[in-house]
Amino acid sequence: MTDQTTQTPVSTPARAKPAKGGFLGLTSNDSTLLMIIFGLLIFAPFILNPFPEGSAMAQFNAGYPDLMQRFVIFGIFAIGFNILFGLTGYLSFGHAAFLGVGSYAAIWSMKLVTLNVIPAIIMAIIVAGAFSWVVGKISLRRSGIYFSILTLAFAQMSYALAYSVLTPITGGETGLQIKNTDNPLFGSLNPGEIGRANFFGLEMGNSYMLEIGNWVFTFNLGYYIAAVAMLVAFYLSIRIFRSPFGIMLRAVKSNQQRMNYTGLEPKRYTLWAFVISGMFAGLAGGLMVAMDTQVGPERMFWTASGEVVIMTILGGAGTLMGPVLGAGFIKYLENIVSKINKDILHQWFAFLPDGFEDLMVTLVYPFVGKGWHLTMGILFMLVVIFLPGGLVEGGKRIAGLFTRKKTADKES
Amino acid sequence: MDQIIVQVLNGLDKGSAYALIALGLTIIFGTLGVVNFAHGALFMMGAFCAVITSKILSASHRVVDETRTDFLGNPLEVETFYVQDWFGMAAGQTIMEWAVPIAIIFAIPVMILVGFAMERGLIKHFYHRPHADQILVTFGLALVIGEIIKYTFGANPIQTPAPPAFTGSLDFGVFLGYEAQTIMYPYWRLVYFFFSAIIIAAVFAFLQFTTFGMVVRAGMADRETVGLLGINIDKRFTFMFGLAAAVAGVAGVMYAPIVAPNYNMGLDFLVLSFVVVVVGGMGSLPGAVAAGFLLGILESFASMPAIVDILPGINQIIIYLVAILILLTRPRGLMGRKGVMEE
Amino acid sequence: MSKSNFTRRGVIKTGAVAGAGLAVPQYLRADGHAGFTNAPGDSEVVLGFNVPQSGPYADEGADELRAYELAVEHLNGGGDGGMLQTFSSKALDGTGILGREVKYVTGDTQTKSDAARASARSMIEKDGAIMITGGSSSGVAVAVQALCQEAGIMFMAGLTHSNDTTGKDRKANGFRHFFNSYMTGAALAPVLAAQYGTDRKAYHLTADYNWGYTTEEAIRASTEAMGWETVNSVKTPLTQTDFSSYIAPVLNSGADVLVLNHYGGNMINSLTNAVQFGLRDAQANGKNFEIVVPLYSELMARGAGANIAGILGSQNWDWKIENQLGAKYAGTNAFVQSFGTKYGFPPSQAAHTTYVQTLLYADAVQRAGSFAPCAVVEALEGFEFDGMGNGPTLYRADDHQCFKDVLVVRGKENPENEFDLVEIVEVTPVDQVTYAPDHPQMGGADASLGECNNGA
């Protein structure tokens, strides 16, 4: 405890006050960042589909609705987690519970009230926020690893109960889907018709396909709704990072005792951070249901909580972009690498002589398809060994490489 | 009453597994300050030492038996075991059946080496990194180890039976004056219990009564001061890591006959062992052992039909519920030291 | 190892064809010209094989995938044709489906419904799959079936045994060839009564999730109808590995039969524990204590090793059935022959059901003359066929469940090799395992298939 008094980030609030009159109350750096995110979100269908259809590389395209939605949703989840962990240093190991509870709230809203996704998402945020308040109130009585285990315990209990005893509410293992017997209060379904999630009448699955040459780009309504949520979440996250509240949270991380001495109550701030990040998780959970009307309890299993921890650390805890990058990285591996099978490898290496082709396939095969966990594990280790600070650090280094080059060019 | 005795016995057995894993983890976690998400993987590697030993001992070559055919109608290839070629049918059979105890002999040096390699090659560089980085790198390592095992042995559990001398059950109730078959207890579980008691006692004795152990304990309490005294604490910590790996490893070897090993068992035990260590209190070896037995026994009680009937689902959550209750009433778990991993 | 489909020339050809716009996903495309989701082009059709490749059922998934690859090979005219030679419908001729070469994509369900749906959606949205098949658990099957219904894609269930898949969660676009909990109960009960008598007292240990519930319900109902008494039933957490605290109280509970409603790793561990606690050698109520495992699988049997000796259970199919019970189960040997030749060991029932499902789908498309899901559904509904290894079989129109004989098997005392672990005790004829579509165990009168969905 004592050795940390040398760090005094509390006394350097130089960037804390947003420049008055800046864009949406942001500094120019931050508004650039927000604009970058905005651009990435808008043009994701292009950016993620760089390879023409039918080419051998098309396997690596990620620009289809489901994965784009997942990138964004898990991005939001990680951004929220980072508000707690990145700022206060409190490592929650049970955040998936809030995502799961949010999902259950959203699907019940759709089953009972209306198929419109907006009320469902709002319900998800409220219920997840309330649940995280309860869990936070109890868990925050301890700190460090004790806090982590408390949150883990709550999440595991939620998972176990949702899987078994609470089956009437949660659907147990099978989870909940919208069925043809569900007839929400505000809805006009024909008897026997299975309701679909919609946004004031527009279905989430609606897509517009743009064909340019051999390329096909999909613009999906659900994705853009999620993207708007992401933009808002990211904006809120910037504001929180730069606000006096954010400074307080950093103070919690660096020196709680000093905060206590100055008469501030660190627990209150931390609880707020916990609830806010729980609400972000709820938003993510609600969006998941909005995009794909299904909830299963494994969404709350500890591996899911672990996943968001890993996403955040991998991307760069405490940075704004890091969690988003980490989420994208893991979801990409999970959805793209796991689908590469032996036949696809044979196609790739078909240009080699037969013996070499088989050799290459044998060498690569353990790392793709069912071996995607292996690739993921190796990449985790490589990133953390060579890029302390996560993927954001990698990005900085690459950027640094270019700027250095530029300055070198100028000098010469 | 007989049911309670049964569950105490079961609990002691579960508890000894938990305690052994937690003991190793708390050495690494509570004393070296490293969050080791690969500890479950070490336990699994131990269990697979038993599998590998069993496979090596039952290595075979194929002899074509022209008189019989296989399922496709081709001549049947009969497996012939090398150990039976060398030592005769009966002796060879015995050697194969005793694979698990034999595996212990191999597992201890192998796991110590694995521990050394892990500490020197990887963990050493992470002592001064944030816990978050430790989690990421050790979790990555755990995934890699698990996938290598899956690639080699498949995902299906592999039955690794105890020697025939230890199959079957002891009619424990008879000693207490109950009727026959009231309290049955498998011999191998008794072996496991006594085995873990010995290992736990040995680790404690080692730390308590040897100079080496004394220095390590001092180093845990105040690493810098011990370093200033000119003692190479790093080397000792490497050794402790090896020791922790070996404890997890032998726990795994002996556990193989109880639950058939598969590549995922490391992750199954990972979360549980963290809960045990933290409930026991960070930095406390006796705490970890006590928490292991406590949670093991409570888990067994919670699964009694009479209790599940009253509180449905209690068997699903008991460990976590108890963890919450203990951590809320005792801020640092059962016997935790102040200031360890509280940041 | 065969990779006959991928000569270099073949790849260049397919590359060119695909480049001409075939692999374009047409999911929910506004101008859906063919009137249904992912209508295939003129030379290729893509099937999605969605199986567990990580997690506890990864080995089962691997076996399913082998069977799928074999089915694709046979559909495209490769290999020896397998069951196409014995299949009662002769619509398929080895030129793919409706003249289109069959291609496939694979994905990992991770045995989680979220991951399974993500993988299925990527097959539908990205790869243009016209049919999704696979899965190794009922939760996943129900989740993916609902997704396919929504998207207007056919779903041919893989290994899923819970009543709900074709019971309360049945869907018009989904079909199941595998048998279910009810059938297990109906098939096992008479054999149990014959082997162990009708005055038995049973103790159930049940995995605490959906499949466990339906299996326990089915076994209880059918054994109690035979005169058995259920002493107790205890739910065990899915994540449990050491079952000692559940097994130990069994012996003096007054029961003389233990029913393990467990699957996969749960079953391997609970059975191993039960044997360790001496249940198999014990006496209770003056009878030998018996253990029953309602649903058997080859992989589970392999994992449980010697512990399964003498234990009764049920199976959808076994690779020895034609050899032992004659030509009624034709198709079995043809399949075993081509699977064994290609991979070197006999297929599991998971491999069989997935292989058959793929062929049945292809055949239905061929007969319907269209890939449109509603046409395929119509062709499959009420379809009677033979020569697929299970004897005469009916795909019932009311709930899209296959009705066929059910095998009752027992673990062998002295297995000769790791693939020959069970012996067939009896085959329960299809009449005994047939039930009304609105049976209470199958969701009652509320359960309905809904309308078939062609998608966009």
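# Chatting through a three-chain model

Colleague: How do strand S14 and S15 of chain C pair, and over how many bridges?

Modeller: In this predicted model, strand S14 (residues 393-395) of chain C and S15(C) pair in the antiparallel sense, over two bridges.

Colleague: Ok, and which residue is the bridge partner of Tyr395(C)?

Modeller: That's Cys402(C), which sits in S15(C).

Colleague: What's the strand order in that sheet?

Modeller: The order is S13-S14-S15 in chain C. It's an open sheet of three strands, and the pairing is antiparallel.

Colleague: Which ones are the edge strands?

Modeller: Strand S13 (383-385) and strand S15 (402-403) of chain C. Each of them pairs on one side only.

Colleague: Let's zoom out. How many helices and strands does chain C have?

Modeller: Chain C has 14 helices and 17 strands.

Colleague: What domain does UniProt list for chain C?

Modeller: An unreviewed UniProt entry lists "domain: Leucine-binding protein" for residues 45-412 of chain C. Over residues 45-412, the chain is 39% helix and 20% strand. The end C-alpha atoms of that stretch are 43 Å apart.

Colleague: What radius of gyration does chain C have, next to that of a compact globule?

Modeller: Chain C comes out at 22 Å. A compact globule with 456 residues would be near 23 Å, so the two agree. As for its extent, the C-alpha trace of chain C spans about 75 × 45 × 35 Å along its principal axes.

Colleague: How much of chain C counts as buried?

Modeller: 69% of its 456 residues. Also, take the contacts in chain C with a separation of 6 or more: residues 24 or more positions apart account for 71% of them.

Colleague: Now chain B. What's its secondary structure?

Modeller: Chain B comes to 15 helices and four strands. Buried residues make up 52% of its 343 residues.

Colleague: And what about its radius of gyration?

Modeller: Chain B has 22 Å, and a compact globule with 343 residues would be near 20 Å, which agrees. Its C-alpha trace spans about 75 × 50 × 35 Å along the principal axes.

Colleague: Pick a helix in chain B for me. What span should H8 have?

Modeller: Helix H8 (residues 187-209) of chain B has 23 residues, so at 1.5 Å a residue it should span 33 Å. Its end C-alpha atoms are 32 Å apart, which agrees.

Colleague: Which residues of H8(B) are buried?

Modeller: Among them are Trp188(B), Tyr192(B), Ser196(B), Ile199(B), Val203(B) and Leu207(B). Arg189(B) is also one of the buried residues.

Colleague: Is there a general reason to look at the spacing along a helix?

Modeller: An α-helix has 3.6 residues a turn, so residues three or four places apart point the same way.

Colleague: New topic: contacts between chains. How many residues does the contact of chain B with chain C take from each?

Modeller: It takes 36 residues from chain B and 34 residues from chain C. On the side of chain B that touches chain C, H1(B) supplies the largest share, six residues. By class, that side has 15 nonpolar, 16 polar and five charged residues.

Colleague: And how many go into the contact of chain C with chain A?

Modeller: That contact takes 47 residues from chain C and 44 residues from chain A. Helix H1 (8-22), S2, helix H3 (113-125) and helix H4 (138-151) of chain C each give two or more residues to the chain C side. H3(C) gives the most, with seven residues.

Colleague: How does that side of chain C split by class?

Modeller: It has 17 nonpolar, 13 polar and 17 charged residues.

Colleague: Last thing, backbone angles. What's the phi of Phe200(A)?

Modeller: Phi of Phe200(A) is near 45°, a positive value in a residue other than glycine. Most residues other than glycine have a negative phi.

Colleague: Where does Phe200(A) lie, and is Phe200(A) buried or exposed?

Modeller: Phe200(A) lies in the loop between strand S2 (198-199) and strand S3 (202-203) of chain A. Phe200(A) counts as exposed because it has 7 C-beta neighbours inside 10 Å, and the cut-off for exposed is 12 or fewer.

Colleague: What about Leu98(C) and its phi?

Modeller: Leu98(C) has a positive phi of about 50°, although it is not a glycine. Leu98(C) is found in the loop between helix H2 (58-75) and strand S2 (101-108) of chain C. With 16 C-beta neighbours inside 10 Å, Leu98(C) counts as partly exposed.

Definitions and conventions. Residues are numbered from 1 along each chain as its sequence is written. Chains are lettered from A and ligands numbered from 1 in the order in which they are written. This is a predicted model: local features need pLDDT of at least 70, side-chain atom pairs count only at pLDDT 80 or more; totals for chains, interfaces and linings use all residues. Two strands pair if DSSP finds at least two bridges between them. UniProt positions are given in the numbering used here, feature names are shortened, and annotations may be inferred rather than shown by experiment. The radius of gyration is taken over C-alpha atoms; the globule rule is 2.2 Å times the number of residues to the power 0.38. A residue is buried if 20 or more other C-beta atoms lie within 10 Å of its own, exposed if 12 or fewer, and partly exposed in between; C-beta atoms are placed from the backbone. Two residues are in contact if their C-beta atoms, placed from the backbone, lie within 7 Å. Ala, Val, Leu, Ile, Met, Phe, Trp, Tyr, Cys and Pro count as nonpolar, Asp, Glu, Lys and Arg as charged, and the others, Gly among them, as polar. The expected span of a helix is 1.5 Å times one less than its number of residues.
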